[in-house]
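Could you put together a few exercises with worked solutions for someone who has just opened this structure? Keep it informal, please, and go step by step.

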Amino acid sequence: MVSCPDNDIINIGEYLRDIDLAGKTVLVTGGAGFLGSWVCDALMYKGARVLCVDNLSSGAEENIAHLRGKDGFQFIKHDITQPLQPDLKLDLVIHMASRASPFEFERFPEEIIQANTQGTLIALGIAREFGATFLFASSSEVYGDPSLVPTPESFAGNIDPTKMRSCYSVSKRCGEAYVAAFRRQYGLDARVARIFNTYGPRMRADGIYGRAVPRFISQALRGNDITVFGQGRQTRSFCYVTDQVAGLLRLATSPGAEGEVVNIGNDTEITILETAEMIKRLTGSQSQLAFYPLPEDDPIRRCPDIGKARRLLGWEPRVGLEEGLRKTIAWFDGAVQ
Ligand SMILES: NC(=O)c1ccc[n+]([C@@H]2O[C@H](COP(=O)([O-])OP(=O)(O)OC[C@H]3O[C@@H](n4cnc5c(N)ncnc54)[C@H](O)[C@@H]3O)[C@@H](O)[C@H]2O)c1
């Protein structure tokens, strides 16, 4: 059972207190994944009906097992790169279907490109058919290795399209271009969230090339070496999942955010080495840090400028890194044993 902590869902509900989702019908692609399942939880908590579509490639049925059978929740196992004809009238389409972990960039590049290009096109077509609002889960990776940090939405990006991460970063850019095209050509209310590193319960650890926070936690809990790339001087800014989901749903529903592109993330920057040391301390682990070569296109710094989200959505992160890590460690401790 990988249900998330009830008080976390209540916290998201609290953050969305002024937003009315009761009776709305929402399609969530990638809804059985880490972020998607939290989005489904929050929508159900707010009284929306949810159509969750997922091909279960990197997601897991257990993430939504507690929602199956609940009134208003429907799951369809489906690959969103293939046509889909929902039989419910939709108010909102949230397109989150895409593998997103570094180890998958190497193993499944074609699938990733397809999910963010053809999958986005199909999801946009569904939104257009119903006149629904559209939200695309884009990524900080669209900035590549930015020369401006904290990075604002106006930064155009710095990416070599032939590198390993480019299947992800460039296809997210193409997805954003589709969104802009549907906005201009059809007047669709289509919005883009540029999501920065987010962590929390239900993340997969994924071995040595998995995402840093779940990898460090599972290594620390098992007493294995904590694997740090390079000297660990590269930075990230980690957002706890409840803050991310609240930001995404505020962006999807706020009046005045029509057609906007908004960074959603935490703007506290920390090095990977400091993160590994903090996790070692919080888990009380005896693990050693082990240093591996830095992957060739690992970004040196990642930190969002979230001024636009603050102004437009009345949103900013509320959960500090140590608090979020404690919750995540507690969840992993239950799941890993
Ligand atoms: N977690 C983060 O830090 C982060 C950062 C930036 C962007 N994002 C974006 O948020 C979204 C969700 O990411 P996540 O971290 O939850 O990853 P995840 O791998 O846990 O979730 C992705 C979900 O999409 C499903 N999926 C993949 N391809 C599909 C397809 N063709 N058809 C249907 N379903 C498909 C997977 O089975 C999975 O359930 C992704 O679009 C990702 O790019 C996440």
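Here are some exercises on this predicted model, each with a worked solution.

**Exercise 1: the whole protein**

Task: work out whether the radius of gyration of the protein agrees or disagrees with that of a compact globule.

Solution:
- Start with the length: the protein has 337 residues, and a compact globule of that length would have a radius of gyration near 20 Å.
- Now compare: the protein comes out at 19 Å, which agrees.
- For the outline, the C-alpha trace spans about 55 × 40 × 35 Å along its principal axes.
- Inside, 51% of the 337 residues are buried, and the secondary structure comes to 11 helices and 13 strands.
- Finally, take the contacts between residues at least 6 apart in sequence: 80% of them join residues at least 24 apart.

**Exercise 2: helix α2**

Task: check the span of helix α2 against its number of residues, then decide whether α2 is largely enclosed or not.

Solution:
- Helix α2 covers residues 34–45, which is 12 residues.
- The rise is 1.5 Å a residue, counted over one less than the number of residues, so α2 should span 16 Å.
- The end C-alpha atoms of α2 are 17 Å apart, so the two values agree.
- Next, burial: a residue counts as buried with 20 or more other C-beta atoms within 10 Å of its own.
- In α2, 11 of the 12 residues pass, so the helix is largely enclosed by the rest of the structure. Among them are F34, W38, D41 and M44.
- Just past the end of α2, G47 has a positive phi of about 85 degrees.

**Exercise 3: around the ligand**

Task: find which element gives the largest share of the shell around the ligand.

Solution:
- Count the shell: 28 residues surround the ligand, and the closest are G30, G33, S58, G59 and A97.
- Sort them by class: 11 are nonpolar, 14 polar and three charged.
- Look for elements that supply at least two residues each: α2 and β5 both do.
- The largest share is from α2, with three residues.

**Exercise 4: a residue in a strand**

Task: is L51 buried or exposed, and what does L51 touch beyond its sequence neighbours?

Solution:
- Place it: L51 sits in strand β2, residues 49–54.
- Count: 22 other C-beta atoms lie within 10 Å, so L51 is buried.
- Set aside the neighbours within four places in sequence, and L51 is in contact with T25, L27, Q74, I76, P86 and L88.

**Exercise 5: a strand pair**

Task: say how β6 and β11 run, and how many bridges join them.

Solution:
- Strands β6 (residues 190–195) and β11 run parallel, joined by four bridges.
- One spot to look at is I195, which stands opposite I264 in β11.
- From β11, V261 and N263 point one way while V262 and I264 point the other, and all are buried.

**Exercise 6: unusual backbone**

Task: which peptide bond is cis, and where do L56 and R202 sit?

Solution:
- Recall the background: most residues other than glycine have a negative phi, and most peptide bonds are trans.
- The bond from V149 to P150 is cis, with omega near -5 degrees. P150 lies in the loop between β5 and α6.
- L56 has a positive phi near 60 degrees. This residue is in the loop between β2 and β3, and with 14 other C-beta atoms within 10 Å, L56 is partly exposed.
- R202 also has a positive phi, about 85 degrees. R202 lies in the loop between β7 and α7 and counts as buried because there are 25 C-beta neighbours inside 10 Å.

Technical notes
Residues numbered from 1 in each chain as written. Predicted model: local features only at pLDDT ≥ 70, side-chain atom pairs only at ≥ 80, totals over all residues. Near = placed C-beta within 6 Å. Nonpolar A, V, L, I, M, F, W, Y, C, P; charged D, E, K, R; others polar. Pairing = 2+ DSSP bridges. Contact = placed C-beta atoms within 7 Å. Rg over C-alpha atoms; globule rule 2.2 N^0.38 Å.
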